[in-house]
Amino acid sequence: MDQFLYKNGELYCEGVKASQIAEQFGTPTYVYSKKTILDHYHQIAGAFAPVNPTICFSIKSCGNLHICRLLAEAGCGFDVTSGGELFRALEAGGDPAKIIYAGVGKTDEEIRYAIETGIAAFNIESEEEAENIDRIAGEMGKKAVGALRVNPDVDPHTHKFTTTGKKETKFGVDIERAEQFFARYRGLKNLHVAGIHIHIGSPVYEIDPYVQAVKKVTALIDRLMLQGHRIEWLDLGGGYAVNYQHPEQALPVTEHARALLPLLKGKPYRIALEPGRYIVGNAGILLTRVLYRKMGGAKKFVIVDAGMNDLIRPALYDSFHYIWPAVPDPANVPTERNKDRLPANGEVVDIVGPICESGDFLARERPLPMVKRGDLLSVFTAGAYGFAMSSNYNNRRRAAEVLVDGENVKLIRRRETYEDLVAAERV
Ligand code: LLP
């Protein structure tokens with residue numbers, strides 16, 4: 001599945017030792033595997049090949065320019081959700097004809113920028129937004145293209161903060177209002193609404209919510225077509241889960257394709273997909289060093305040099321990331337990453353960062369081999385929503401990012417400097 005494996009007793013990314021990367025670039029550092037990123041992209045393309053989908057990488061999951069360029073060169077488009085993400089996609093060489101723009105709160109400035117750029121489509125999330133895009137395109141003397149983001153009211157059984165396709169969430173237009181929407185906006189002069197978009201949540205570990213959502217929207221499209229609307233594409237969003245806890249936690253994308261293809265094959269419209277996590281989640285780790293042990297009290301703490309500003313997922317969603325020493329003692333070399341694997345002579349600890357909040361943890365009550373000051377730990381499955389959600393909180397400089405390609409390591413984002421921290425400010 002990925003290229004982060006223990007060989008000769010220590011962790012490698014492809015052909016390079018994690019310990020060597022930490023020596024060379026310091027910690028905390030995000031490490032990505034080029035092969036894993038491209039393999040995952042090709043897995044999705046291959047699995048859905050019978051419907052020849054347009055794949056738009058969800059750039060919010062991992063926006064590093066070098067990584068986005070690799071994907072653009074492989075033929076991938078981008079799903080963006082702000083002017084900044086659009087800028088990033090273009091800087092990475094993204095083809096505007098394969099860029100789609102979602103989000104409930106697009107500003108006039110962002111809409112203008114996207115129309116100027118000639119993106120493929122807006123994923124429109126409300127009636128007022130449709131009217132605004134039409135107005136702005138008219139002022140610019142252009143014709144904009146859009147899909148209606150439909151809220152199919154399906155429960156993806158994931159964290160409530162990342163559930164997006166249920167009625168009570170802010171996303172899309174309720175499926176019951178979709179026909180009314182098309183009837184009302186059919187005659188718009190400057191906006192052509194010709195697609196349907198859904199994104200039900202993330203990460204989604206089950207197939208059934210997708211099947212339910214696709215059944216609902218394909219039936220909707222049938223009705224719309226009978227009413228004389230031209231629907232040219234259906235965008236299924238992203239959300240496919242990856243293995244955080246053990247090697248068989250998430251379904252391979254081939255399983256999703258197997259369930260969805262019968263519902264999609266032979267339809268008179270194109271298919272688009274917006275995966276983020278599936279491509280990059282397991283393609284990145286965060287390397288961090290142990291600063292101190294604090295063992296005297298009721299709890300045992302391992303204090304490391306990465307904090308919630310580097311990886312906020314545990315604090316925000318109580319997410320599990322497998323954490324293990326990069327160079328374990330021989331009794332503790334893992335054959336696979338499995339949260340149930342207990343260390344030989346280990347201890348149960350909280351792995352915490354240097355930030356001044358009790359929410360600053362990477363793991364709680366975690367069995368870990370005994371580690372000491374200076375030991376290197378790998379936080380796995382950190383490639384998606386890891387660096388992308390990092391911040392400068394506590395005036396910490398954001399981590400370096402490196403990409404491994406076989407035996408080669410390339411710095412693809414330098415560690416920030418103290419000067420970077422104040423560069424935008426005026427005294
Ligand atoms: N399309 C749309 C419209 C989205 O909003 C998202 C993610 C995706 C595609 C990609 O989903 P993916 O394939 O990466 O699961 N910060 C959270 C995840 C938030 C996802 C937001 N939208 C986390 O760390 O788990």
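1. Which pocket is the space taken by the ligand? The ligand takes the space of the largest pocket. On a 1 Å grid over the protein atoms alone, a pocket is an open set of points with protein on both sides within 12 Å along at least five of seven lines. A molecule sits in a pocket if more than half of its atoms lie within 2 Å of its grid points.

2. This is a predicted model, in which local features need pLDDT of at least 70 and side-chain atom pairs count only at pLDDT 80 or more, while totals for chains, interfaces and linings use all residues. Residues are numbered from 1 along each chain as its sequence is written, and side-chain values use heavy atoms, with hydrogens and water left out.

3. Domain 1 (4–31 + 282–425) and domain 2 (34–278) both contribute residues to the shell around the ligand, so the ligand lies between them. The domain bounds come from an automatic or database domain assignment.

4. Around the ligand there are 18 residues (each with a heavy atom within 4 Å of it). Those that come nearest are Ser202, Glu274, Arg313, Tyr317 and Tyr385.

5. Polar contacts (pairs of N or O atoms within 3.5 Å) also involve the ligand. One ligand oxygen atom is 2.6 Å from an N or O atom in the side chain of Arg313. For the side chain of Lys60, the corresponding distance from a ligand oxygen atom is 3.3 Å. At Arg277, a polar backbone atom is 2.7 Å from an oxygen atom of the ligand.

Technical notes. A polar contact is a pair of N or O atoms within 3.5 Å; within protein, one must be able to donate a hydrogen and the other to accept it, and residues adjacent in sequence count only if both atoms are side-chain atoms. On a 1 Å grid over the protein atoms alone, a cavity is a set of points where a 1.4 Å probe fits but cannot get out, and a pocket is an open set with protein on both sides within 12 Å along at least five of seven lines; lining residues have an atom within 4 Å of a point.
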